[in-house]
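User: Could you take a close look at one part of this model, starting from a single residue and working outwards to its surroundings? I would like one connected account, with the cut-offs behind each term given as you go.

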Amino acid sequence: MNKTIFITALLLAVYAASSQALHCYVCSTDTNSGCSHPEQNGISSTLCPDTATHCSTYTVNLYDDFPNVVRQCKSGDYSYGCTFSYATSTCACDYDECNYVDNSPITASAATAKAPILLTFFTAACAIVLSFF
């Protein structure tokens, strides 16, 4: 009986950890010049709607000194990483506050932010398998 309660609690913890809403930086240099570097300028991240699947950063740099940057929560299909063309770049990522960086490829160290959730899931899966023995 205690084993069943433990496994149920563990599964609920995994579900709660994996279903938390995403936090992204949401701003535009059109209305807030600090949006170009939100962490350095004291801009807080925003809790995205439950439907958000990723954070994005869109940059238009027609004039080297003053790029236009838009950071936001987004829903739907996306391609992880960045795409570049002429004077624009678009980046998409899917973990909390990942759209703080300038539009450059996401580093491997930043991608490890999901490791605790994956470890929790792995632990729960092992507990379930072991419960059959």
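Analyst: A suitable starting point is Ser56, which is buried because its relative accessible area is 6%, where buried means under 20%, exposed means over 50% and partly exposed lies in between, with a 1.4 Å probe and protein chains only. The model is a predicted one, in which local features need pLDDT of at least 70 and side-chain atom pairs count only at pLDDT 80 or more, whereas totals for chains, interfaces and linings use all residues. Residues are numbered from 1 along each chain as its sequence is written, and side-chain values use heavy atoms, with hydrogens and water left out.

Ser56 belongs to strand β4, residues 54-60; strands (E, at least two residues) and helices (H or I, at least four) are DSSP runs numbered from the N terminus. Setting aside residues up to four places away in sequence, Ser56 touches Val70, Arg71, Gln72, Lys74, Cys91, Ala92 and Asn99, a contact being heavy atoms within 4.5 Å. The C-alpha atoms of Ser56 and Val26 are separated by 9.0 Å, although these residues are 30 apart along the chain. Thr59 also lies in β4, and it counts as buried because its relative accessibility is 12%. Between Thr59 and Cys91 there are 8.8 Å in space, C-alpha to C-alpha, for a sequence separation of 32 residues.

The sheet around β4 puts these contacts in context. It is an open sheet of five strands in the order β2-β5-β4-β7-β6, with antiparallel pairing. Since β2 (27-28) and β6 stand at the edges with a single partner strand each, one side of each is left without a neighbour in the sheet. Two strands pair if DSSP finds at least two bridges between them. At one edge, β2 and strand β5 (residues 68-74) pair in the antiparallel sense over two bridges, and Cys27 stands opposite Arg71 in β5; Arg71 is also one of the residues that Ser56 touches. At the other edge, strand β6 (residues 81-85) and strand β7 (residues 88-93) pair in the antiparallel sense over five bridges, with Cys91 in β7 as the bridge partner of Cys82.

β6 and β7 form a hairpin with two residues between them. Tyr86, in the loop between β6 and β7, has a positive phi of about 35° although it is not a glycine, and it is exposed, because its relative accessible area is 86%. Together with Leu62 and Tyr63, Tyr86 makes a nonpolar surface patch of about 500 Å². Patches consist of residues with over 30% relative accessible area and no salt bridge, like charges being joined within 9 Å and nonpolar side chains (Val, Leu, Ile, Met, Phe, Trp, Tyr) within 5 Å. A salt bridge is a side-chain nitrogen of Lys or Arg within 4 Å of a carboxyl oxygen of Asp or Glu, and accessible areas come from the Shrake-Rupley method with a 1.4 Å probe, only the protein chains shown counting as cover for residues. Another positive phi in a residue other than glycine is that of Glu97, near 55°; Glu97 lies in the loop between β7 and α2 (108-111) and is partly exposed, with a relative accessible area of 31%.

As for the interior, the largest nonpolar core has eight residues: Leu22, Cys24, Cys48, Ala52, Cys55, Cys93, Tyr95 and Cys98. Apart from it lies another core of five residues, among them Tyr25, Cys27, Ile43 and Val69. Such a core is a set of buried Ala, Val, Leu, Ile, Met, Phe, Trp, Tyr and Cys residues joined through side-chain atoms within 4.5 Å. Cys48 is in contact with Ala21, Leu22, His23, Cys24 and Cys73, leaving aside its neighbours within four places in sequence.

For the protein chain as a whole, there are three helices and seven strands, following the pattern α-β-β-β-β-β-β-β-α-α along the sequence. Of its 133 residues, 29% count as buried, and residues 24 or more positions apart account for 58% of the contacts with a separation of 6 or more.
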